[in-house]
Amino acid sequence: MSAELQDLRSRVLAEVRRQPTPARPAMRRRLLVGLAITLVFEAFLLVLIGGLHAGDRPVWLIAGNASVAMVVALITTWLAFGRGRSMVGRPRAVVIGVAALVVPALLASIALLNEGTSAFERGLPPPGNHAQCFGLTALFSLVPLALLVLARRGSDPVHPTATGAALGASAGAWAAVAMAIVCPYSEIGHELIGHLAPILLIVLLGAWTGRSIVGLGGARHSRPRRT
Amino acid sequence: MPSVHLEASTQLVLLEELGSVESSAADRLLGNLFVSPSSARWRDTTRWVSDADRPRLPNLDAVASAASTAMERYASGDDLAFDEVYDALAPRLYAFVLRRTQGNRARSEDLVQQTFLQMHHARGRFTPGADVVPWAYSIARRLLIDSVRRGTREVIVEDAVFDREVAPLDAADDLIVAKEMAILVEAELARMPPAQREAFDLVKSEGMSMAEAAEVLGTTVTAVKLRAHRAYEAIRAVLGGAAPKAPSASRARAQAAALADADEPGDDDDAKAGAR
């Protein structure tokens with residue numbers, strides 16, 4: 001090793017000793033704590049707004065909507081948050097695909113499951129319900145998004161904006177699970193305005209936070225010093 | 001004035017690859033310098049380029065294995081394992097960054113230092129069994145792109161690089177021919193889309209597999225194959241086509257600079273910045 005690399009070695013290792021970071025077991029514990037906080041918050045929110053609002057929906061429809069949304073959420077989380085066996089993450093096309101397809105997937109599942117049911121045909125709810133559901137979907141998405149983005153902080157050197165957008169889509173899909181339980185309306189117009197439009201907003205928010213937090217600049221450490 | 005230089009490793013690759021160009025104009029361009037790809041002189045010359053001039057870098061597979069094992073131990077809690085990660089990766093990573101900063105040692109050291117600190121901070125998130133090399137290269141590449149965007153790029157025209165790399169050749173004619181060939185390739189590399197140039201560089205110069213290069217660039221293996229192949233074909237075509245009347249060194253250098261200045265439509269900003 002050349003003299004300059006030896007000199008650099010001493011500088012790098014000095015910085016590493018100066019800024020200790022948690023090893024994998026500690027990070028796993030942190031992630032579990034974050035997950036627990038998120039679940040408690042979501043459950044608290046669900047209870048706060050009255051839990052299940054079945055309306056005239058049969059149980060199978062509620063369970064079907066929630067299950068399909070959960071499958072979408074699990075797949076998107078696996079694709080967006082997981083990195084496979086690579087530290088760099090999945091290819092750009094995959095994460096962009098996740099961000100772009102989650103809303104059409106949810107819309108298609110809602111349309112297919114609910115078509116012909118009384119919930120689907122009862123017409124648009126009052127306009128106030130659109131805004132209420134819009135706000136609730138956004139609220140249900142925010143904490144999962146925060147968890148996902150913080151857990152991936154400073155970790156994506158290749159396409160952090162796309163990864164952030166995919167994480168946003170994933171958080172939005174989890175919110176769709178909650179909304180399938182609390183909202184008795186399944187009319188497509190309401191679904192688009194009240195349930196799916198906020199997911200698009202969360203995708204955009206995810207893209208923005210991805211750029212600033214998931215990218216390398218998001219890692220919280222001081223700039224290295226030259227000695 | 002922006003300019004680029006053709007590093008020794010790329011020259012080596014080209015000299016080796018030209019061996020597969022059958023009775024092409026590129027062979028005539030090489031003239032008596034490389035009589036035949038299989039001749040002793042060819043082998044001697046390539047050995048000179050690779051062994052005497054290039055920095056001695058550890059084999060990439062050995063680096064990958066050692067670095068990944070050490071990083072896994074570091075992620076699991078062995079605080080001293082990061083020293084081994086550094087020892088395995090630093091020489092190749094430094095050479096990689098040094099070429100992209102046009103030989104700016106201070107900036108290269110800063111970028112390598114930041115790369116290792118980023119890896120250190122990702123310690124707890126290290127995926128078991130993941131390959132460290134593409135990850136480290138992708139971090140270094142991103143930091144380089146960011147530093148270019150911050151406007152810290154320093155352009156260094158390094159004519160001396162050519163002199164240093166080619167000087168030991170015996171004949172002055174050979175020197176001129178080699179220089180002109182290098183300038184042609186340099187111009188072609190500067191002209192081609194950055195995405196192709198990066199793929200070519202990672203695969204040919206860094207010796208990465210297609211999968212590793214795809215990881216670094218955040219794209220698919222197929223895309224990397226396509227880009228590297230197109231880059232290779234472009235270089236082969238320009239060498240073959242220009243051989244009968246190779247331009248003078250000064251004219252080709254001016255052409256290279258002009259081409260490097262030109263806009264490169266159709267490529268994303270990252271690729272442009274990363275390729276500079």
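Visitor: What counts as a salt bridge here?
Guide: A side-chain nitrogen of Lys or Arg within 4 Å of a carboxyl oxygen of Asp or Glu. The model is a predicted one.

Visitor: OK, which residue does A:Arg17 form a salt bridge with?
Guide: With B:Asp83. The closest N and O atoms of A:Arg17 and B:Asp83 are 2.9 Å apart, and the cut-off is 4 Å, so the pair counts.

Visitor: How many salt bridges are there across the interface of chain A and chain B?
Guide: The rule finds 5 of them.

Visitor: And how many residue pairs in polar contact?
Guide: 22 across that interface, with both residues at pLDDT 80 or more.

Visitor: Which elements of chain A give two or more residues to the side that touches chain B?
Guide: α1, residues 3-18, and α2, residues 24-48. Of the elements, α1(A) gives the most, with 10 residues.

Visitor: How does that side of chain A divide into nonpolar, polar and charged?
Guide: Into 20 nonpolar, 8 polar and 16 charged residues.

Visitor: How many residues are in contact, on each chain?
Guide: 44 residues of chain A are in contact with 51 of chain B.

Visitor: What about the area buried between them?
Guide: About 4200 Å². Carbon and sulfur atoms give 53% of that area.

Visitor: Changing topic: which residues are buried in helix α11 of chain B?
Guide: That helix covers residues 210-217, and the buried ones are B:Glu212, B:Ala213, B:Ala214, B:Val216 and B:Leu217.

Visitor: What follows α11(B)?
Guide: B:Gly218. The phi of B:Gly218 is positive, near 70°.

Key:
Residues are numbered from 1 along each chain as its sequence is written. Chains are lettered from A and ligands numbered from 1 in the order in which they are written. Side-chain values use heavy atoms; hydrogens and water are left out. Contact means heavy atoms within 4.5 Å. Buried area is the accessible area (1.4 Å probe) that two parts lose on being put together, summed over both. A polar contact is a pair of N or O atoms within 3.5 Å; within protein, one must be able to donate a hydrogen and the other to accept it, and residues adjacent in sequence count only if both atoms are side-chain atoms. Helices (H or I, at least four residues) and strands (E, at least two) are DSSP runs, numbered from the N terminus. Ala, Val, Leu, Ile, Met, Phe, Trp, Tyr, Cys and Pro count as nonpolar, Asp, Glu, Lys and Arg as charged, and the others, Gly among them, as polar. Buried means under 20% relative accessible area, exposed over 50%, partly exposed in between (1.4 Å probe, protein chains only).
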